[in-house]
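Ready for some practice at reading a protein structure? Grab a pencil and work through the exercises below, trying each task before you peek at its solution.

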Amino acid sequence: MGVPSSRRPRSCSLSPPSRRAVQHVIEARHLTKRFRGATAVDDLTFTVPAGAVTGFVGPNGAGKSTTMRLMLGLDAGQGQTLFDGRPLAEVTDPSRVVGALLDSRCFHPKRSARNHLRSMAAAVGVSAARAEECLRLVGLESVADKRPKGFSLGMAQRLGLAAALLGDPRVLILDEPANGLDPQTVTWLRTFLRALADEGRTVFLSSHLLTEMALLADHLVVIGKGRLIADTSVTDFVSRNTAGEVVLRTPANPDLVGRLREDGASVVVDDETLVLTGISQQRVAEIAWEERALVLELSTRRGSLEDAYLALTGAAVEFGPRHAVPATANTSSRSL
């Protein structure tokens with residue numbers, strides 16, 4: 001079920017999100033969960049900033065889904081999660097504070113998509129008209145009278161997202177929302193979630209698709225074996241965990257290469273292109289000026305989010321072996 005990628009998502013708000021002076025909408029504190037002696041989530045503390053998309057990443061089995069269930073109070077464990085400074089159990093109207101999509105196949109098998117949403121709307125005290133609006137927001141109006149048991153995984157994900165939006169929440173918690181979506185719909189979802197964050201809402205989503213996360217997320221929470229590895233911006237995460245390369249394109253100049261090496265740079269020469277590490281772009285520019293070298297190109301090339309993730313965790317993104325991640329594996333002064 002595709003939605004043209006050029007179609008701008010309609011705003012989902014019935015009322016603007018709260019603009020109170022809150023630095024972090026979600027604060028997870030010392031979350032811990034053990035199953036029969038095995039620790040699935042290990043003293044996990046992190047913050048999710050308001051008005052941003054925060055990606056929640058880690059190897060399969062790292063504890064992402066369990067963490068989300070702990071945050072929402074669906075699993076018993078230790079620790080606490082605060083939404084706007086309060087535990088969710090103390091919020092009088094939780095559907096207006098947080099909407100969640102944890103299982104896209106959670107629906108009555110004999111109800112239509114429309115009736116499923118209407119029953120959920122009644123349960124949280126919102127109107128049937130809001131259910132219709134959410135169907136339109138996720139592009140399911142043409143199949144609203146069909147039973148979702150026959151939906152593809154991608155269409156089921158859309159229905160789950162519509163249910164999460166019913167209360168017009170300020171916070172969305174989504175577990176693998178892009179799972180099963182075709183490329184066109186992934187693009188639609190990215191634009192849709194970005195628009196919600198730009199309204200001032202908080203979007204917290206897990207994914208194993210690091211390429212997609214690099215396009216969507218502003219902030220990252222990275223875990224491994226239930227332990228926090230990083231809580232930082234995407235830009236900082238990549239810059240701290242990949243070696244930047246300076247690319248200089250210039251006519252062959254042995255004297256320039258010699259000067260760069262004397263300054264501590266590692267230089268790889270490929271015809272007129274020099275790839276340098278261990279030196280800043282500014283310093284390369286200064287040396288090129290001193291040597292009166294003709295500069296055709298000068299840029300810094302950073303690794304990808306996937307490169308940074310693999311360098312830090314030592315684990316393949318999805319299929320590789322899992323390695324122990326020390327509790328002290330910090331990546332920034334803000335982290336852990």
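What follows is a set of worked exercises on this predicted model.

**Exercise 1. Work out the strand order of the six-stranded open sheet, and find which strands stand at its edges.**

Solution.
- Step 1: Walk across the sheet from one side to the other. The six strands come in the order E6-E7-E8-E3-E9-E10, and their pairing is mixed.
- Step 2: Look at the two ends. Strand E6 (98-101) and strand E10 (227-233) each have a single partner strand, so one side of each is left without a neighbour in the sheet.
- Step 3: Check the twist. On average, neighbouring strands here are turned by 15° against each other, direction ignored.
- Step 4: Zoom in on one pair. E6 and E7 run parallel and are joined by four bridges. Alanine 100, for instance, has isoleucine 173 in E7 as its bridge partner.

**Exercise 2. Find which strands helices H5 and H7 touch as they pack on this sheet.**

Solution.
- Step 1: Start with H5. This helix touches strand E3 (53-57), E7 and strand E8 (202-206). Compare directions, and you get about 145° between H5 and E8.
- Step 2: Move on to helix H7 (residues 234-241). H7 touches strand E9 (219-224) and E10, and its direction makes about 110° with that of E10.

**Exercise 3. Glutamate 176 carries a charge: what is the nearest side chain of opposite charge, and how far away is it?**

Solution.
- Step 1: Locate the residue. Glutamate 176 sits in the loop between strand E7 (171-175) and helix H5 (183-198).
- Step 2: Look for a partner. The nearest side chain of opposite charge belongs to lysine 64, 5.1 Å away.
- Step 3: Apply the cut-off. A salt bridge needs a side-chain nitrogen within 4 Å of a carboxyl oxygen. Glutamate 176 has no salt bridge, even though it is buried.
- Step 4: See what surrounds it. Skipping neighbours within four places in sequence, glutamate 176 is in contact with Gln157, Ser206, Ser207 and His208.

**Exercise 4. Is valine 247 buried or exposed?**

Solution.
- Step 1: Place the residue. Valine 247 belongs to strand E11 (residues 245-249).
- Step 2: Compare its value with the cut-off. Buried means under 20% relative accessible area. Valine 247 has 7%, so it is buried.
- Step 3: List the contacts. Leaving out residues up to four places away in sequence, valine 247 touches Thr273, Leu274, Glu297, Leu298, Ser299 and Arg301.
- Step 4: Set sequence against space. Valine 247 and threonine 300 are 53 residues apart along the chain, but their C-alpha atoms are 6.0 Å apart.

**Exercise 5. Explore some of the 19 salt bridges found in the whole structure.**

Solution.
- Step 1: Try arginine 69 and aspartate 75, whose side chains meet at 3.1 Å, N to O. Both ends are partly exposed: arginine 69 at 33% relative accessibility and aspartate 75 at 21%.
- Step 2: Next, take glutamate 297 and arginine 249, which meet at 3.6 Å, N to O. Glutamate 297 lies in strand E14 (residues 297-301) and arginine 249 in strand E11, so the pair ties together parts 48 residues apart in sequence.
- Step 3: Now arginine 259 and glutamate 291, with their closest N and O atoms 2.9 Å apart. Arginine 259 is in helix H8 (residues 254-262) and glutamate 291 in the loop between helix H9 (281-290) and E14, so this pair links parts 32 residues apart in sequence.
- Step 4: Finish with a network. Arg114, Arg118, Glu132 and Asp145 are joined into one by salt bridges that share partners.

Definitions and conventions
Residues are numbered from 1 along each chain as its sequence is written. This is a predicted model: local features need pLDDT of at least 70, side-chain atom pairs count only at pLDDT 80 or more; totals for chains, interfaces and linings use all residues. Side-chain values use heavy atoms; hydrogens and water are left out. Helices (H or I, at least four residues) and strands (E, at least two) are DSSP runs, numbered from the N terminus. Buried means under 20% relative accessible area, exposed over 50%, partly exposed in between (1.4 Å probe, protein chains only). Lys and Arg count as positive and Asp and Glu as negative; His and the chain ends are not counted. Contact means heavy atoms within 4.5 Å. Two strands pair if DSSP finds at least two bridges between them. Axes are lines fitted to C-alpha atoms, for helices over the stretch in contact, and angles run from 0 to 180 degrees between N-to-C directions.
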